[in-house]
Amino acid sequence: MEQHVVTPLTKDKVKDLHAGDYVYITGTIYSARDAAHLRMYNSAVAGEDLPLDITNQIIYYLGPTPAKPGQVIGSAGPTTSSRMDKYTPTLLDMGLTGMIGKGKRSSEVIDSMKKNTAVYFASVGGAGALLSKCIKKSKVIAYDDLGTEAIREMYVEDFPAIVVIDSDGNNMYRDY
Amino acid sequence: MRTVNTDIIIDNIKEMCIEANYELSSDVSERIIQAEKTEDNAIGKRILGQLVENMDIAKNDRIPICQDTGMTTVFLKVGQDVHFEGMYIEDAVNEGIRRGYEEGYLRKSVVGDPLDRINTKDNTPGIIHYEITKGDKVEITIAPKGFGSENMSRVYMLKPADAVEGVKNAVLETVRLAGPNACPPIVVGVGIGGNFEKCTYLAKKALTRKLGSHSDKPHIAALEDELYEAINKLDIGPGGLGGKTTALGINIETYPTHIAGMPVAINICCHVNRHVTRTI
């Protein structure tokens, strides 16, 4: 089934998404990968505020190439999600409802997604040039010193992804 | 004795870093285009279609094929009759990488220390493999490689008794465990023999060999064919969501080894298997 998803991604919207659905995401999403996750996690554990309110938001596991003059962003495909697994349940407990990446998630993440009503999307790994075309605005909003790993606020239009794990724990990935 | 100024090395490496990241070599791109036509799985076919489109956009709009423009592996074959003038050769190679990644708008993905993890902000240092060869030429191969697939690579210190079945099991297990994480369809580089580090070097080197080429050794060429077929029956498929296009190719390199062992390394590469070679 094809679905259009508009952010913010409320839990009601999450419940309508099912593993195997093709989705096109429009609205504001945020990039964060390894180093930004570590910092957000450390802030959360210390009881400090995160640099953004992640309630009902989508994080895209992304570290883009630099934008050339006149470009919004460089190549912008997903990175491997499992490296974020350690930090993810904490962020889901804080209100995060969507993640875009590629590859498997741990059972701890999937359990937390069920508990918190969240969804995991995969976009196509290695299709960074194609996916960059869907990103219409991008600005660094936190951790600028991390370079490509900084947190970006991005506006996307019809960003293509597949629901791989839904909030009931249905999972398109299996053991091979 | 032939004198080669290191400015030439710098310029070539700069250009090759850029070239590798914007356009795939024809052996890889043709296999992706072909796979899109033959894949029966609906999601797999759709993903391959996106990869074909992605290659076109990268080439025409000058956007790197993948945002992970890699840690830069450099194979440098230096003829023993070459004399370098100018910079220390290692500094020259890294200067070429530095300029290529800056001028090519490529991602800086290297941290200076594996534990402190501070980005070097210029993608240096590269990983440089030197080889002394006959003659007075310098052959440079640049192979920028992303870490999504690098992380799924493995080494097995097999016993001689494990024999060829052990090699097959090791390769298939590695591909199965890599699953969707390595951005399938993948290219599989295998090194058999040597010792602990030699087999990993061979596996990396195997990834720079043209897809569709075979080992000179008939029994290894047959093993390449057999494993290629077996991998594509695993139903991992494009994006790990099913289908018969799991690997675009498998190349195996071998080396003599010790009577007590049979090291096997499997270096997994995503479909963005980048490599450019020039001879100076």
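1. Start in chain B, at B:G191. This residue stands opposite B:A265, which belongs to strand β9(B). The model is predicted, so read every position here as computed. The strand carrying B:G191's side of the pairing is β7, residues 186–194 of chain B. Strands β7 and β9 of chain B run antiparallel and are joined by six bridges.

2. Strand β9(B) has another partner to check. Strand β6 of chain B, residues 154–158, pairs with β9(B) over five bridges. The sense is antiparallel here too. For a landmark, find B:M157: it stands opposite B:P263 in β9(B).

3. Now look at β9(B) itself, residues 262–269. How many of its eight residues are buried? Eight of the eight are, and the strand is mostly covered. In a regular strand, side chains alternate between the two faces of the sheet. Trace that in the model: B:M262, B:V264, B:I266 and B:I268 point one way. B:P263, B:A265, B:N267 and B:C269 point the other way. Residues of both sets are buried.

4. Move to B:S149. The place of this serine is in helix α5 of chain B. B:S149 counts as buried, because its relative accessibility is 2% and the cut-off is under 20%. Its contacts, leaving aside neighbours within four places in sequence, are B:A182, B:I268, B:C269 and B:C270. Two of these names, B:I268 and B:C269, appeared in the strand above. B:S149 and B:C270 are 121 residues apart in sequence, yet their C-alpha atoms are 5.7 Å apart in space. The side chain of B:S149 also makes a polar contact with the side chain of B:K145, at 3.1 Å.

5. Stay in helix α5 of chain B, residues 147–150, for a salt bridge. B:E150 pairs with B:K204, and their closest N and O atoms are 2.8 Å apart. B:K204 sits in helix α7, residues 196–206 of chain B, so the pair ties together parts that are 54 residues apart in sequence. Are the two partners buried or exposed? B:E150 counts as partly exposed, at 22% relative accessibility. B:K204 is buried, with a relative accessible area of 12%.

6. Turn to chain A for a network. Salt bridges that share partners join A:R33, A:D34, A:R83 and A:E149. One of these bridges links the side chains of A:D34 and A:R33, at 3.2 Å from N to O. A:D34 is partly exposed at 22% relative accessibility, whereas A:R33 is buried at 11%. Another bridge joins A:E149 and A:R33, at 3.4 Å. That pair links distant parts of the chain, 116 residues apart. A:E149 is in the loop between β6 and β7 of chain A, and A:R33 is in the loop between β2 and α2 of chain A. A:E149 and A:R33 are both buried. Over all chains, the count of salt bridges comes to 30.

7. Next, the interface. In chain B, 39 residues are in contact with 43 residues of chain A. Together the chains bury about 3,200 Å², with 57% of it on carbon and sulfur atoms. Which residues of chain B lose the most area to chain A? They are B:R46, B:Q67 and B:Y105, together 22% of what that side buries.

8. Polar links cross this interface as well. Three salt bridges are found between chain B and chain A. A:E2 forms a salt bridge with B:R46, whose closest N and O atoms are 3.3 Å apart. There are also 21 residue pairs in polar contact between the chains, both residues being at pLDDT 80 or more. On the side of chain B that touches chain A, helix α3 (residues 42–61) gives the largest share, 11 residues. By class, that side has 19 nonpolar, 11 polar and nine charged residues.

9. Finish at B:N54, which lies in helix α3 of chain B. B:N54 is buried, with a relative accessible area of 1%. Leave aside its neighbours within four places in sequence, and its contacts include A:G126, A:A127, A:G128, A:A129 and A:L130 in chain A. B:I65, in chain B, is in contact with B:N54 too.

Terms used:
Residues are numbered from 1 along each chain as its sequence is written. Chains are lettered from A and ligands numbered from 1 in the order in which they are written. This is a predicted model: local features need pLDDT of at least 70, side-chain atom pairs count only at pLDDT 80 or more; totals for chains, interfaces and linings use all residues. Side-chain values use heavy atoms; hydrogens and water are left out. Buried means under 20% relative accessible area, exposed over 50%, partly exposed in between (1.4 Å probe, protein chains only). Helices (H or I, at least four residues) and strands (E, at least two) are DSSP runs, numbered from the N terminus. Two strands pair if DSSP finds at least two bridges between them. Contact means heavy atoms within 4.5 Å. Buried area is the accessible area (1.4 Å probe) that two parts lose on being put together, summed over both. A salt bridge is a side-chain nitrogen of Lys or Arg within 4 Å of a carboxyl oxygen of Asp or Glu. A polar contact is a pair of N or O atoms within 3.5 Å; within protein, one must be able to donate a hydrogen and the other to accept it, and residues adjacent in sequence count only if both atoms are side-chain atoms. Ala, Val, Leu, Ile, Met, Phe, Trp, Tyr, Cys and Pro count as nonpolar, Asp, Glu, Lys and Arg as charged, and the others, Gly among them, as polar.
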